[in-house]
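Here is a short report on one protein chain. Keep the sequence and the 3D view side by side as you read.

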Amino acid sequence: MSDKVPIPRKQESVPYVRVQFHLTPNPNLNAAHAIGIHEADCDTVMDIIALKEDLQDNLGPAENQVWKHGDTLLEDDKSLKTYGLDIPVDKLHIVVHRLGA
């Protein structure tokens with residue numbers, strides 16, 4: 001039996017991730033308490049605002065969308081990659097709260 005501990009490999013980043021969007025009327029709720037409304041393959045290096053604009057037919061006007069992943073608010077001028085969300089996963093869950101809804 002070896003005492004060597006395997007060195008963890010850094011997962012390679014991917015250009016797109018499959019995202020399931022969950023809608024909630026309350027911005028303090030997580031994906032477990034929200035309704036899954038849409039799935040899309042999202043570019044991991046595009047600014048969040050560009051993704052919101054691409055998805056506004058399904059999620060409402062981009063300027064009214066607030067995106068969260070876990071407890072992290074995703075800022076419009078950053079990308080999924082900025083938040084380390086560019087790793088291979090089966091599905092990424094993002095909660096969307098629509099302002100004025």
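## A residue in strand β5

Start with V96. Leaving out neighbours within four places in sequence, V96 is in contact with F21, H22, L23, T24, L59, Q65, V66 and W67. V96 itself sits in strand β5. Is V96 buried or exposed? Its relative accessible area is 0%, so V96 is buried. The cut-off for buried is under 20% relative accessible area.

Now look at V96 and N30. They are 66 residues apart along the chain. In space, their C-alpha atoms are separated by 9.4 Å. Keep in mind that this model is predicted.

## The chain as a whole

How many helices and strands does the protein chain have? There are 2 helices and 5 strands. Follow the sequence and the pattern reads β-β-α-α-β-β-β.

The protein chain has 101 residues, and 33% of them count as buried. Its exposed area is about 6700 Å². Carbon and sulfur atoms supply 51% of that area. Next, take the contacts between residues at least 6 apart in sequence. Of these, 62% join residues at least 24 apart.

## Two residues of strand β1

Two of the contacts of V96 are H22 and T24. Begin with T24, which has its place in strand β1. T24 counts as buried, because its relative accessibility is 1%. Which residues does T24 touch, not counting those up to four places away in sequence? They are L29, A34, V95, V96, H97 and R98. V96 and R98 both fall within the range of β5, 92-98.

H22 is also placed in strand β1. H22 has a relative accessible area of 7%, so this residue is buried. With residues up to four places away in sequence left out, H22 touches A31, A34, I35, G36, I37, H93, I94, V95 and V96. One of these partners deserves a closer look. The side chains of H22 and H93 are joined by a polar contact of 2.8 Å.

## The nonpolar core

Now turn to the largest nonpolar core, which has 16 residues. Which of its members touch the most other members? They are F21, C42, W67, L80 and I94. Four elements each give two or more residues to this core. They are β1 (16-24), β2 (35-43), α1 (48-54) and β5 (92-98).

Pick out C42. Its contacts, without neighbours within four places in sequence, are P15, Y16, V17, V19, F21, L51, L55 and L80. Among them are F21 and L80, and these two also belong to the group that touches the most other core members. F21 turns up once more among the contacts of V96, and so does W67.

## Salt bridges between the parts

How many salt bridges are there? The count comes to 5. One is formed by E39 and R18, with their closest N and O atoms 3.2 Å apart. E39 lies in strand β2 and R18 in strand β1, so this pair ties together parts that are 21 residues apart in sequence. E39 counts as partly exposed, because its relative accessibility is 29%. R18 is partly exposed too, at 31%.

R18 forms another salt bridge, with D41. Here the closest N and O atoms are 3.4 Å apart. R18 lies in strand β1 and D41 in strand β2, so this bridge ties together parts 23 residues apart in sequence. Is D41 buried or exposed? At 53% relative accessibility, D41 counts as exposed.

## A linked network

E39 also pairs with K91 in a salt bridge. The closest N and O atoms of this pair are 3.1 Å apart. Where is K91? K91 is in the loop between β4 (72-74) and β5. E39 is in strand β2, so the pair ties together parts that are 52 residues apart in sequence. K91 counts as partly exposed, with 30% relative accessibility.

Which residues do these shared partners link up? Salt bridges with partners in common join R18, E39, D41 and K91 into one network.

Definitions and conventions:
Residues are numbered from 1 along each chain as its sequence is written. This is a predicted model: local features need pLDDT of at least 70, side-chain atom pairs count only at pLDDT 80 or more; totals for chains, interfaces and linings use all residues. Side-chain values use heavy atoms; hydrogens and water are left out. A nonpolar core is a set of buried Ala, Val, Leu, Ile, Met, Phe, Trp, Tyr and Cys residues joined through side-chain atoms within 4.5 Å. Buried means under 20% relative accessible area, exposed over 50%, partly exposed in between (1.4 Å probe, protein chains only). Contact means heavy atoms within 4.5 Å. Accessible areas come from the Shrake-Rupley method with a 1.4 Å probe; for residues, only the protein chains shown count as cover. A polar contact is a pair of N or O atoms within 3.5 Å; within protein, one must be able to donate a hydrogen and the other to accept it, and residues adjacent in sequence count only if both atoms are side-chain atoms. A salt bridge is a side-chain nitrogen of Lys or Arg within 4 Å of a carboxyl oxygen of Asp or Glu.
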